[in-house]
Amino acid sequence: QQQQQQQQQQRLSALTSGGGGVGPWAEQQDPADVPPDELLILRVDTGTGHEFATGFSASSSSSSATARSDAICSALILGKAHFVVPMEAIRKLSAGQSPVEILGPSSRALLHARLPNFPAGGPNEPGGGDGAGGGALGRWLELTTTPKSRYPHACIGPLVLGSVSREPLQIRGPRSEYYGTLVLVRPGCWQAQRNKRAVLTLSLLPPPSGAASSGGIGAVATVALGGVDGQALEVKVAPGIDALLTLLCALAVLLMAPEQIR
C-alpha cells in the first residue's frame, strides 16, 4: 500500500516538476491578472485580515515555511499552478457522476476528481475533531492521479451536492490522514482551517462580477469562467501556495453552490 502511494506521488511530482520547479501546472500570468474575457467567481486569500475590493476579509498571515508545513501534500508546493476544469466535468460532478479529468493549460490530464460515498479510510474511520465527523451522509470529493487510483492525494466531505453545509467539512490528505476542516464563516465565505487556524479563505463574488481585474487584486488564487463562451473553470494559483488544497476546496465550494457557474 505504501509503495503504491509512493509511486502515485512520484508520478504526480514528475508531472508537475520542470525547470525551476515549474511544470504543466505552471501559469505565466499572475493569478490577480484575470483577462477581461474571464468572469471571476471565486477568490482565495491568505493575508492579514485587511479588506479587499470584494468586501470580504482575508485572514491568517503565513510565511513560506509555515505555508509548506501547512500543505496538504508538502511535496507539491510548486511554482505558479494553472488548472482547467471543463464545464462538462463540473456538470457531471454536480450530478454525482465521476471520475472526471482536471486538465493543465496544455489540455493534458493532471488529476482526476471522484465522488465516492465514503472516504478512502472507509465509513467507520473516526473524524479528526473540529466538529467534523467521518460518518455523516454525503459524497466525498477526491483528487487522484488516475481514474482508478486506490488512494487519493486529498479528499473533502461529506458533501451534499447543491446544498451549502452548515457543518464543517472534513479535509483529509494522503493515506486518508486528517488535515483540517472547511468552515462556512459567513454567507459566501469559507475558511480552510488547520489546528484552529485559517490557512485559506475562499470568497464567492456576486454574479455578474464585472470587475474581474479588481476582484483578483491581492488574491493568492482565482477561479474564473474562461475559454470559449465560458466553457471551463480556470483555477490559477500563485507560487508557494498549496495548489492541491486550493483546488480541492474551490471545487467543493462550487459543488455546494453551483448557481455561481450556471
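**Exercise 1. Strand β1 and its neighbours**

Which residue in β10 does Val 44 stand opposite? Work out also how β1 pairs on its two sides, using this predicted model.

*Solution.*
Step 1. Find the partner. Val 44 stands opposite Leu 202 in β10.
Step 2. Place the strands. β1 covers residues 39–45, and β10 covers residues 197–204.
Step 3. Read the direction. β1 and β10 pair in the antiparallel sense, over four bridges.
Step 4. Look for another partner. β1 also pairs with β11, residues 221–226. This pairing is antiparallel too, over five bridges. Here Val 44 stands opposite Ala 221.
Step 5. Check the cover. Six of the seven residues of β1 are buried, so the strand is mostly covered.

**Exercise 2. The two faces of β11**

Sort the residues of β11 by the way they point, then say how the strand is covered.

*Solution.*
Step 1. Recall the pattern. In a regular strand, side chains alternate between the two faces of the sheet.
Step 2. Sort. Ala 221, Val 223 and Leu 225 point one way. Thr 222, Ala 224 and Gly 226 point the other way.
Step 3. Check the cover. Six of the six residues of β11 are buried. Both groups are therefore under the 20% cut-off for relative accessible area.
Step 4. Add the next strand. β11 pairs with β12, residues 232–237, in the antiparallel sense over six bridges. Thr 222 stands opposite Lys 236 in that pairing.

**Exercise 3. A helix and its cap**

How many residues of α5 are buried, and which residue caps its N-terminal end?

*Solution.*
Step 1. Size the helix. α5 runs over residues 243–256 and has 14 residues.
Step 2. Compare its reach with expectation. From first C-alpha to last it reaches 20 Å, close to the 20 Å expected at 1.5 Å a residue.
Step 3. Check the cover. 14 of its 14 residues are buried.
Step 4. Find the cap. Asp 242 caps the N-terminal end. One of its side-chain oxygens lies 3.4 Å from the backbone nitrogen of Leu 244.

**Exercise 4. Around β7**

Trace the partners of Arg 172 on β7, then examine the turn into β8.

*Solution.*
Step 1. Sort β7, residues 169–172. Leu 169 and Ile 171 point one way, Gln 170 and Arg 172 the other, and all are buried.
Step 2. Go to β6, residues 154–159. It pairs with β7 in the antiparallel sense over three bridges. Arg 172 is the bridge partner of Cys 155.
Step 3. Go to β8, residues 178–186. Four bridges join it to β7, and the two run antiparallel. Arg 172 stands opposite Tyr 178 there.
Step 4. Inspect the hairpin. Five residues lie between β7 and β8. Arg 175 sits in this loop. Its phi is near 60°, a positive value in a residue other than glycine.
Step 5. Classify Arg 175. It counts as partly exposed because its relative accessibility is 48%, between the 20% and 50% cut-offs.

**Exercise 5. Loops and unusual bonds**

Where are the cis peptide bonds before Pro 99 and Pro 158, and is Ser 107 buried or exposed?

*Solution.*
Step 1. Take Pro 99. The bond from Ser 98 to Pro 99 is cis, with omega near 5°. Pro 99 lies in the loop between α3 and β3.
Step 2. Take Pro 158. A cis bond joins Gly 157 to Pro 158, with omega about -5°. Pro 158 is in strand β6.
Step 3. Take Ser 107. It lies in the loop between β3 and β4. Its phi is positive, near 70°. Ser 107 is exposed, because 56% relative accessibility is over 50%.
Step 4. Take Asn 195, in the loop between β9 and β10. Its relative accessible area of 64% makes it exposed. Asn 195 and Tyr 179 are 16 residues apart in sequence, and 8.6 Å apart from C-alpha to C-alpha.

**Exercise 6. The whole chain**

How many helices and strands does the chain have, and what share of its residues is buried?

*Solution.*
Step 1. Count elements. There are five helices and 12 strands.
Step 2. Find the buried share. Of 262 residues, 56% count as buried.
Step 3. Look at the surface. The chain exposes about 11000 Å², and carbon and sulfur atoms supply 51% of it.
Step 4. Look at contacts. Among those between residues at least 6 apart in sequence, 62% join residues at least 24 apart.
Step 5. Look for disulfides. The count comes to zero. Cys 155 is buried, at 1% relative accessible area. Cys 189 is buried, at 1%.

How values were computed: Residues are numbered from 1 along each chain as its sequence is written. This is a predicted model: local features need pLDDT of at least 70, side-chain atom pairs count only at pLDDT 80 or more; totals for chains, interfaces and linings use all residues. Side-chain values use heavy atoms; hydrogens and water are left out. The expected span of a helix is 1.5 Å times one less than its number of residues. Buried means under 20% relative accessible area, exposed over 50%, partly exposed in between (1.4 Å probe, protein chains only). A polar contact is a pair of N or O atoms within 3.5 Å; within protein, one must be able to donate a hydrogen and the other to accept it, and residues adjacent in sequence count only if both atoms are side-chain atoms. Two strands pair if DSSP finds at least two bridges between them. A disulfide is a pair of cysteine sulfur atoms within 2.5 Å. Contact means heavy atoms within 4.5 Å. Accessible areas come from the Shrake-Rupley method with a 1.4 Å probe; for residues, only the protein chains shown count as cover.
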